[in-house]
Amino acid sequence: MADKQTELKAMLDQGLITQADYDQQMAQLNSNHLDQADVKPEATKQAAKFAVKTTCPNCGSTDFAWQPSLQKFACNYCKAQFEIETPDYLAKAAALKNDEVYNLSGKTVSVGLSKAVDKENVGIVTYQCPNCGATISFSTQDAWSSIKCEWCRGEISAENVVPNGYNPDLVVRFEVAKEQAQANVADFINRRRWLVSKKFLREFKAADIRPVYVPQMMIDVNANESIQGLGGVLLNMYTETYESDDGKSTYSVTYYDYDVYQWERHFVLGINDLTLGANEALSQQSKTSTNNVIDVVKPFDTSKAVPYQHQYLQGGYRSERRTLDVDDVTPDVQKIAIDMGYSQVQPTLNYDHGVRYDNATMEVNGIRYAAVLCPIWLYSYYEYDSKGNFKRQHYCVVNGQTGKTIGSMPINVTAQIGWSIAGAVAMFVLLFFVFPFGGVDIDIKWILGLSVAVFAAIAYFTYTAVRNTDKHNDYVRNTENEMFDLESSDVWVDRVIRSTNPSI
Ligand SMILES: [Zn+2]
Ligand SMILES: [Zn+2]
């Protein structure tokens, strides 16, 4: 602790921190320890404000930026590397552990999600792109004259300044360096190059990839859930053979004897760090932009989140503004919590003749919301039709923490149809010419039908391989969730004999 005091004194002497910040930091050092429970959101916010250096500790320059490959800040002027110190108690307050979700009660909304912070928001400036409407925040250190929208690459000027909105609470920092992100995207595109529009391939420049923080709401939930339904237990299965009415053929019927049970499961569901998009435009399904791929690069390891500092938006890093509030995402939280409940309950249902889910209810005991920025590398591309009209905005996205990569690209329609026809023709040749040689005779209707099916299947698979429209984030699988205090009841209600239903 003595070291820390000396360092603080030195920082004060060098003018790196103000007297007020110094006093507050010293007071905190002297209070021995702060348990997580003692950390008030306001204190967290204030402590976070001075935990970061605003100038290079070596040369005093303000020209520095986060370096993903070093996991440090580096000065662009003197090349010094330095870290932002996150005191232990702040790091602890940053994220609940899953076992702590078990004790969560009441509703907690972080400082970053309350409106009070609006006035205190310092160090960043926000612009709204006049071309595509995106809101872009970045450090006041970066010259506004050089700003291009990372979503549509439109020019943005000082006239487009809008209020900043609210400071987020936390940030998941970039770990993937630009070179790696470029390589990931180039590789992703290259593996699909036979199916991607030639114009896109010609115009693609890996260097145009941009580091962007997307605003997310991070949510912990503790809820009582009840799920009810019916289940069948097979007793007997038998097949009987009958003669047809005209006596010329036979047919068989399979019968099932089974017991029907009414089952109920009551439990506490704990969800840790569910992250949902907090920017309305990016969260919406859209026909003209491929927003879905942004969610697909999840999950982020939010246990590594640190308190937000505006210095993370320095040196080319941008952030989208949060536009959604707690109430806007709550219906999605409930839907996801019920889905998680279903998948938790499933292994507890020992029924071999079908399960029916009739009803699920949920009552929230505790819920905690925080605002977090998550890092992505973004490549955006505008597709125009043959008449030059805007058609669609495509994104290729790399998770800035894990490197997971996905994208949407304009398809090469000629290649798509070409491959589909080739497949259909191959199928036709096989069935029409090759099979009859082997002694198998197939009806021409079947041959044509199967050939058309092959055409449709290839057209579909080539389309989704390039556009990834069918991909969405699987929150149920990608989010830590646990079932506690399970109470089960399984009550016999009926016995069914000689049913032809293969499932209840
Ligand atoms: Zn320096
Ligand atoms: Zn734009």
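How many bridges pair strand 9 and strand 13, and in which sense do the two strands run? In this predicted model, strand 9 and strand 13 are joined by 22 bridges, and the pairing is antiparallel. One pair of partners in this arrangement is Gly229 and Tyr357, the latter in strand 13. The protein as a whole contains 13 helices and 16 strands. Of its 504 residues, 35% are buried. Contacts between residues at least 6 apart in sequence were also examined, and 78% of them join residues at least 24 apart.

Strand 9 covers residues 210–243 and has further partners. Strand 10, residues 250–277, runs antiparallel to strand 9, and 26 bridges join the two. Within this pairing, Asn236 stands opposite Asp257 of strand 10. Gln216 of the neighbouring stretch has Gly277 in strand 10 as its bridge partner. The hairpin made by strand 9 and strand 10 has 6 residues between the strands, and Gly247 in this hairpin takes a positive phi near 75°. Strand 9 is also paired with strand 12, residues 318–320, but here the sense is parallel and the number of bridges is 2. The bridge partner of Val212 in strand 12 is Arg318.

Strand 10 in turn is joined to strand 16, which spans residues 480–499. These two strands run antiparallel and share 15 bridges. Asp259 has Arg495 of strand 16 as its bridge partner. In a regular strand, side chains point alternately to one face of the sheet and to the other.

A separate group of strands lies earlier in the sequence. Strands 1, 2 and 3 form an open sheet in the order 1-2-3, with antiparallel pairing. Strand 1 (64–67) and strand 3 (81–82) are the edge strands, since each pairs on one side only. Strand 2, residues 72–75, pairs with strand 3 over 2 bridges in the antiparallel sense. In this pairing Ala74 is opposite Gln81 of strand 3.

The interior was then considered. The largest nonpolar core consists of 80 residues, and the members with the most contacts inside it are Val171, Ile219, Val372, Ile376 and Val397. Strand 13, residues 355–384, supplies the largest share of this core, with 12 residues. For Ile376, the contacts beyond four places in sequence are Val212, Val214, Ile294, Val297, Val397, Val398, Asn399 and Gly400. Val397 thus appears both among these contacts of Ile376 and among the core residues with the most contacts.

Helix 10 comprises 20 residues, 326–345. From its first C-alpha to its last it reaches 28 Å, close to the 28 Å expected at 1.5 Å a residue. The buried residues of helix 10 include Val329, Val333, Ile336, Ala337, Met340, Gly341, Gln344 and Val345. Among the elements that cover these buried residues are strand 9, strand 10, strand 13, helix 13 (475–478) and strand 16.

Two residues outside these elements were examined individually. Val162 belongs to strand 7, residues 161–162. Val162 is classed as partly exposed because 13 C-beta neighbours lie inside 10 Å, whereas a buried residue would need 20 or more. Its C-alpha atom is 10.0 Å from that of Cys129, although the two residues are 33 residues apart along the chain. Apart from neighbours within four places in sequence, Val162 is in contact with Thr126, Tyr127, Gln128 and Thr135.

Gln128, one of these contacts of Val162, is found in strand 5, residues 124–128. Gln128 has 18 other C-beta atoms within 10 Å and is therefore also partly exposed. The C-alpha atoms of Gln128 and Glu159 are 9.2 Å apart, and the two residues are separated by 31 residues in sequence. With neighbours within four places left aside, the contacts of Gln128 are Gly133, Thr135, Asn160 and Val162. Thr135 is accordingly listed as a contact of Gln128 and as a contact of Val162.

How values were computed: Residues are numbered from 1 along each chain as its sequence is written. Chains are lettered from A and ligands numbered from 1 in the order in which they are written. This is a predicted model: local features need pLDDT of at least 70, side-chain atom pairs count only at pLDDT 80 or more; totals for chains, interfaces and linings use all residues. Two strands pair if DSSP finds at least two bridges between them. Helices (H or I, at least four residues) and strands (E, at least two) are DSSP runs, numbered from the N terminus. A nonpolar core is a set of buried Ala, Val, Leu, Ile, Met, Phe, Trp, Tyr and Cys residues joined through C-beta atoms within 7 Å. A residue is buried if 20 or more other C-beta atoms lie within 10 Å of its own, exposed if 12 or fewer, and partly exposed in between; C-beta atoms are placed from the backbone. Two residues are in contact if their C-beta atoms, placed from the backbone, lie within 7 Å. The expected span of a helix is 1.5 Å times one less than its number of residues.
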